[in-house]
Amino acid sequence: AEHLGASPAQIVRTRRVHFARRLLDETALPVTRIAFEAGFGSLRAFHTAYKESFGEPPKASRAAETPKEAGRLLTLRLPYRPPFDWNAILGFLAARAVPGIEEVVDGAYRRTFAGTTLSVRPAASGFALALSLTPPGEGRLLGIVRTVSRVFDLGADPETLRRHFESDAVLGPLVAKRPGLRVPGAFSRFELLVRAVLGQQVSVAAARTFAGRIVARWGTPLPGAESALTHAFPEAPVLAALAPADLASIGLTTRRAETLRAVARAFADGALPEESPGLDELVERLTELPGIGPWTAQYMALRAWNEPDAFPTGDLGLLAALAKDGVRPGAKELEARAEAWRPFRAYAALHLWTEGAPE
């Protein structure tokens with residue numbers, strides 16, 4: 001009420017109404033389906049809220065010619081504040097794409113998620129990404145759009161970040177070089193934590209291989225799967241029920257297998273928060289899990305919980321990016337240096353990782 005002049009319930013209803021307006025403009029979905037996809041409990045509630053917001057019923061807002069859908073394929077525009085470094089975020093996701101559930105093809109990111117197969121690429125015009133997907137189960141579209149927007153960090157404000165870093169001797173030139181860099185998020189917090197554990201002390205490629213083996217062995221096969229997208233990532237209870245020897249059979253050490261099972265149990269039992277309680281508390285709760293150290297906890301906070309100030313201080317890539325004359329700083333030196341980058345240390349980390357990555 002103090003900052004926005006409205007109650008939380010009013011803000012939620014306004015967002016639902018505007019999402020419904022987008023579906024009316026951009027899809028041929030029937031009005032009844034749109035009401036439920038936007039989160040309204042009844043068609044009557046939707047009509048009332050819509051008329052209060054736009055002064056006319058939903059059907060009157062729909063253009064005479066609705067968009068033609070290719071079969072059951074929907075395409076939605078997801079706007080962002082320019083600039084947007086599509087190649088950088090696509091390259092980041094491509095290097096980590098897990099066989100069976102993700103792929104990068106012809107400049108687009110594709111994956112299985114929430115009962116659908118989706119594709120994301122730059123829109124043909126304007127400052128937006130184009131999200132294409134087969135309609136999921138009723139009532140899931142809004143959640144998918146929010147997840148995709150979070151994964152591609154569409155809420156970032158490049159101008160704010162530019163002003164914050166412009167006077168910094170290290171970050172200023174990097175932000176000027178790549179002003180549209182975003183922090184890649186996660187489609188599934190459980191999936192990313194599994195992948196983060198698999199990536200401990202091994203290369204990105206090795207972690208990707210292990211994750212692919214998990215998907216092939218315990219993922220859910222998709223009927224009528226297209227191309228290389230054949231499975232959904234296994235749910236936490238599936239991995240929680242496995243013995244460490246089962247997980248070790250894909251090439252993991254016994255200790256790593258035990259960590260994965262403990263992580264799966266924590267998710268299956270609801271021990272981890274859906275929303276971040278704050279960076280410090282989140283990191284504390286993550287490091288209470290066996291085998292989860294500060295690096296993994298900060299990495300998870302950065303990508304899975306979208307904490308803009310998360311910063312994995314001891315990361316070798318960050319230390320290498322700040323090396324001078326071949327001498328890397330220590331972790332404590334890096335932590336002290338990063339104080340000036342608060343509250344956007346996650347963006348600092350992405351810029352340093354990207355600068356240090358091979359072309």
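**Exercise: the lining of the cavity**

Which elements each supply at least two residues of the lining of the largest cavity?

Solution. We begin with the ground rules: this is a predicted model, in which local features need pLDDT of at least 70 and side-chain atom pairs count only at pLDDT 80 or more, while totals for chains, interfaces and linings use all residues. Residues are numbered from 1 along each chain as its sequence is written, and side-chain values use heavy atoms, with hydrogens and water left out.

A search of the whole structure gives 1 cavity of 30 Å³ or more; on a 1 Å grid over the protein atoms alone, a cavity is a set of points where a 1.4 Å probe fits but cannot get out, and a lining residue has an atom within 4 Å of a point. The largest cavity holds about 100 Å³, where a volume is the space filled by probe spheres set on points joined across faces, edges and corners. Its lining consists of 14 residues, and E102, G185, E191, R195 and R303 are the closest to its centre.

Now we sort the lining by element, taking helices (H or I, at least four residues) and strands (E, at least two) as DSSP runs numbered from the N terminus. The elements asked for are β3 and α9, and the largest share, 3 residues, comes from α9.

**Exercise: the surroundings of α9**

How many residues of α9 are buried, and which elements do they pack against?

Solution. First we need the cut-offs: buried means under 20% relative accessible area, exposed over 50%, and partly exposed in between, with a 1.4 Å probe and protein chains only. In α9, 10 of the 10 residues are buried, so this helix is largely enclosed by the rest of the structure. The buried residues of α9 include R189, E191 and R195, and E191 and R195 have already appeared among the residues closest to the centre of the largest cavity.

Next come the partners, where contact means heavy atoms within 4.5 Å: the buried residues of α9 pack against β2 (102-105), β3, α10, α11 (236-240), α13 and α15. At the start of the helix, a side-chain oxygen of S188 comes to within 3.4 Å of the backbone nitrogen of F190.

**Exercise: a charged residue in α9**

Is R189 buried or exposed, and which residues does R189 touch?

Solution. R189 belongs to helix α9, and R189 counts as buried because its relative accessibility is 13%. When residues up to four places away in sequence are not counted, R189 touches F267, E274, E275, M300, A304 and W305. For A304 we can be more specific, since a polar atom of the side chain of R189 lies 2.9 Å from the backbone oxygen of A304.

**Exercise: the pockets**

Which elements give the most residues to the linings of the largest pocket and of the second largest pocket?

Solution. A pocket is an open set of grid points with protein on both sides within 12 Å along at least five of seven lines. The largest pocket contains about 1300 Å³ of space. Its lining has 47 residues, and those closest to its centre are R96, V204, W295, Y299 and D315. Helix α5 provides the largest share of this lining, with 6 residues.

The second largest pocket has a volume of about 1100 Å³. It is lined by 43 residues, of which T112, F113, A114, G115 and R140 lie nearest the centre. Among the elements that give two or more residues to this lining are β3, β4 (116-122) and α9, but β6 gives the most, with 6 residues. Since α9 is also listed for the largest pocket, this helix takes part in the linings of both pockets.

**Exercise: a buried and an exposed residue**

Are T116 and L316 buried or exposed?

Solution. T116 has its place in strand β4, and T116 is buried because its relative accessible area is 5%. Its contacts, leaving out residues up to four places away in sequence, are R111, L133, T134, P136 and I144.

L316 is part of helix α16, and here the result is exposed, because the relative accessible area of L316 is 59%. To place L316 in the whole model, we can set it against F36: the two residues are 280 residues apart in sequence and 47 Å apart in space, C-alpha to C-alpha.

How values were computed
Polar contact = N/O pair within 3.5 Å; in protein donor to acceptor, adjacent residues only side chain to side chain.
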